[in-house]
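Biologist: Hello! I am new to this one, so could you show it to me and take a few questions?

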Amino acid sequence: MNTTITKVDSYCVFGNPIEHSKSPDIHRAFASQTAQSLEYTRKLVEPDDFTIQATRFFEDGGTGANVTVPFKQDAFDFADRLTDRARIAGAVNTLAKLEDGQIIGDNTDGIGLVRDITQRLKWAIEGKRILILGAGGAVRGVLLPLLQEKPELVAIANRTKSKAEELSVIFSEYGNLQGYSYNTLPNEPFDIIINGTSAGFSGDVPPVHFGCFTSETVVYDMMYSDEPTEFLRFAIDMGVTQWSDGVGMLVGQAAESFRLWRGVEPKTQPVIDQLSEPA
Ligand code: ATR
């Protein structure tokens with residue numbers, strides 16, 4: 001009897017915690033939508049174990065991986081080569097094995113955010129005044145693609161002012177940025193406010209001046225949750241009428257990873273709809 005074993009390309013997402021990651025559902029949905037044959041699993045990584053686990057995964061024939069909190073910096077160090085946007089972001093959320101066996105690191109978070117804002121939500125970025133809250137890894141990862149859309153200004157407000165100022169200096173060659181603390185942030189309206197802090201994890205809301213919001217301000221929370229996030233509820237109380245959580249960014253960054261790995265661009269809207277359905 002002749003048995004042919006067809007090897008299925010193998011992908012995974014590394015993180016800690018990882019059990020609630022939606023990435024396997026998203027990539028399996030993309031695979032079925034585009035008739036691609038692949039497997040995609042979750043991998044819980046203990047602190048300090050990322051390099052060992054990632055090396056083993058690729059040595060065992062892994063084709064590509066997503067990387068989530070708290071290992072994006074480790075993935076940056078692990079990659080043999082980096083795309084420009086990953087290098088500038090200082091973080092990697094996508095790894096892929098190239099034909100020569102080298103591992104390339106990319107960062108698709110920013111493009112996921114920008115496409116969600118401009119294509120799905122149809123909020124223009126060009127010429128707009130943007131306020132971004134937070135100056136950690138999540139914000140750093142999205143600044144370059146955001147600035148490439150040519151906003152008039154990106155104000156970065158952060159609890160620790162020095163980190164906001166540092167980012168505004170690092171990215172100054174790509175656009176007009178200013179770094180602030182919440183106290184020094186001008187009490188003036190913004191067109192788009194993006195929450196990139198992790199304050200929501202502890203049920204907190206970054207203390208943004210009321211005057212930064214108008215009824216025309218659109219608000220995006222990079223966090224994603226079944227219910228409107230604390231920050232979105234705050235923004236709605238401030239009179240905001242157009243807002244979104246980060247589900248489209250989550251699906252969008254995955255779509256860009258999938259395109260890099262598979263060479264086909266999946267449709268995001270059906271998967272966003274699927275994730276947004278009540279459980
Ligand atoms: P991530 O990778 O999610 O960005 P991070 O690098 O730890 O995680 O950054 C978390 C961000 O959320 C930081 O900007 C942090 O502010 P500090 O730099 O001052 O620590 C911000 N943050 C966390 N909790 C917050 C809170 N309760 N209020 C305001 N900002 C908060």
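Modeller: Happy to; what follows is a short round of questions and answers on this predicted model.

Biologist: Into which domains is the protein divided?

Modeller: Keep in mind that the model is predicted. The assignment divides the protein into domain 1 (9–107) and domain 2 (110–247).

Biologist: What distance separates the centres of domain 1 and domain 2?
Modeller: The centres are taken over C-alpha atoms. Six residues from domain 1 and eight residues from domain 2 take part in the contact. Between the centres of domain 1 and domain 2, the separation is 27 Å.

Biologist: Which three residues supply 69% of the area that domain 1 buries against domain 2?
Modeller: The area buried between the two domains is about 600 Å², and carbon and sulfur atoms give 60% of that. On the side of domain 1, no other three residues supply more than this trio: Arg 85, Ile 88 and Ala 89.

Biologist: How many residue pairs are in polar contact across the interface of domain 1 and domain 2?
Modeller: The side of domain 1 that touches domain 2 has two nonpolar, two polar and two charged residues. Across the interface, the rule finds zero salt bridges. For polar contact, with both residues at pLDDT 80 or more, the count of residue pairs is one.

Biologist: Which residue has its backbone oxygen 3.2 Å from a polar atom of the side chain of Arg 129?
Modeller: Arg 129 is found in strand β7, residues 129–133. Among the residues that Arg 129 touches are Glu 152, Leu 153 and Phe 190. The backbone oxygen at 3.2 Å from the Arg 129 side chain belongs to Pro 189.

Conventions: Residues numbered from 1 in each chain as written. Predicted model: local features only at pLDDT ≥ 70, side-chain atom pairs only at ≥ 80, totals over all residues. Heavy atoms only, no water. Domains from an automatic or database assignment. Contact = heavy atoms within 4.5 Å. Buried area = accessible area lost by both parts, 1.4 Å probe. Salt bridge = Lys/Arg side-chain N within 4 Å of Asp/Glu carboxyl O. Polar contact = N/O pair within 3.5 Å; in protein donor to acceptor, adjacent residues only side chain to side chain. Nonpolar A, V, L, I, M, F, W, Y, C, P; charged D, E, K, R; others polar. Helix = DSSP H or I, 4+ residues; strand = E, 2+ residues; numbered from the N terminus. Lists of a residue's contacts leave out its neighbours within four places in sequence.
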